[in-house]
Amino acid sequence: MSKPVKDNNKDTGMTLSRDPSQALNEMMLTIDALRQVYVAETTALKASDTKTFLSLQDSKIEAAQKYHDGFTEFMLRKDEIMKAHPDLRKLFGRKQVEFSKIAADNIEALGRMNRITDRLGQRIMRAARENAAREGVAYGSGGNMNTQKNRPVTMGLNESA
């Protein structure tokens, strides 16, 4: 028995108008919505505002899915869309270039936050290892905790804070 094919456009409600000019306008609105989320997220990242960053994730996913679905349809209809007014196509091109710059800024801010988080995790693990070595805590064969100094303590590399 075959499974039904999932139509992503129905999930997000993103279907472009049959009119090429209207479809361009709808895509520009979609680009603007995702751009606004990226700007807010980048601002939150630069300000280290975790609460705001986390609160934006659902709207980011929704806006990104609409953008993806709309752009997929847009690309399938590119010959038809090219029939739209030239000024409207130029405006769309400018918006796409602006969006690309904002998306690049967002990716850079996300990368910076990822590096900061990695360094923090490494610092926590290093401090835990140093503390464990200093304390000299080890477990005996019976599962009892021994506090003898200078006994080796093993910490796995796969542990995370």
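Here are a few exercises on this predicted model, each with a worked solution.

Before you start: residues are numbered from 1 along each chain as its sequence is written, and side-chain values use heavy atoms, with hydrogens and water left out. In this predicted model local features need pLDDT of at least 70 and side-chain atom pairs count only at pLDDT 80 or more, while totals for chains, interfaces and linings use all residues.

**Exercise 1. The overall layout**

Work out how many helices and strands there are in the chain, and how the elements run from the N terminus on.

Step 1. Get the elements from DSSP runs: helices are H or I with at least four residues, strands are E with at least two, and both are numbered from the N terminus.

Step 2. Count them up, and you have 6 helices and 2 strands.

Step 3. Read them off from the N terminus, and the pattern is α-α-α-α-α-α-β-β.

Step 4. Now for burial, where buried means under 20% relative accessible area, exposed over 50%, and partly exposed in between (1.4 Å probe, protein chains only). Of the 161 residues, 27% count as buried.

Step 5. Finish with contacts, meaning heavy atoms within 4.5 Å. Among those between residues at least 6 apart in sequence, 67% join residues at least 24 apart.

**Exercise 2. How α2 packs on α4**

Describe the packing of α2 and α4: which angle, which axis distance, and which residues meet?

Step 1. Pick your descriptors: two packed helices are described by the angle between their axes and the distance between the axes.

Step 2. Fit the axes as lines to C-alpha atoms, for helices over the stretch in contact, and take angles from 0 to 180 degrees between N-to-C directions. For α2 and α4 the angle comes to about 150°, and the axes are 9 Å apart.

Step 3. Classify the angle, and α2 is roughly antiparallel to α4. The cut-offs are under 35 degrees for roughly parallel, over 145 for roughly antiparallel, 65 to 115 for roughly perpendicular, and oblique for the rest.

Step 4. Look at the handedness: α2 passes α4 in a left-handed crossing. That label applies if the near helix is turned anticlockwise from the far one by less than a right angle, while clockwise makes it right-handed.

Step 5. List some of the residues that meet. On the α2 side they include Leu 24, Met 27, Ile 31 and Tyr 38, and on the α4 side Ala 63, Tyr 67, Phe 71 and Phe 74 are among them.

Step 6. Sort the contact by class: there are 11 nonpolar, 4 polar and 3 charged residues. Here Ala, Val, Leu, Ile, Met, Phe, Trp, Tyr, Cys and Pro count as nonpolar, Asp, Glu, Lys and Arg as charged, and the others, Gly among them, as polar.

**Exercise 3. Salt bridges**

Find out how many salt bridges the model has, and where Lys 60 and Glu 41 lie.

Step 1. Apply the rule, a side-chain nitrogen of Lys or Arg within 4 Å of a carboxyl oxygen of Asp or Glu. The count comes to 10 salt bridges.

Step 2. Take Lys 60 and Glu 41, whose closest N and O atoms are 3.0 Å apart. Lys 60 sits in α4 (residues 57-76) and Glu 41 in α2 (residues 20-46), so this pair ties together parts that are 19 residues apart in sequence. Both residues, Lys 60 and Glu 41, are buried.

Step 3. Set Glu 108 and Arg 112 beside that pair: their side chains meet at 3.5 Å, N to O. Both lie in helix α6 (residues 86-135), 4 residues apart, about one turn of the helix. Glu 108 is partly exposed at 48%, and Arg 112 is partly exposed at 31%.

Step 4. Move on to Arg 77, which bridges to Glu 73 at 3.0 Å between the closest N and O atoms. Arg 77 and Glu 73 are both buried, and a network of salt bridges links them with Arg 18 and Glu 80.

**Exercise 4. Ala 23 and its surroundings**

Is Ala 23 buried or exposed, and what is Ala 23 in contact with outside its neighbours within four places in sequence?

Step 1. Place Ala 23 in helix α2.

Step 2. Check its accessibility: at 0%, Ala 23 is buried.

Step 3. Leave out those neighbours, and Ala 23 is in contact with Leu 16, Ser 17, Arg 77 and Ile 81.

Step 4. Follow Arg 77 along the chain: it is 54 residues from Ala 23, with 9.8 Å between the C-alpha atoms.
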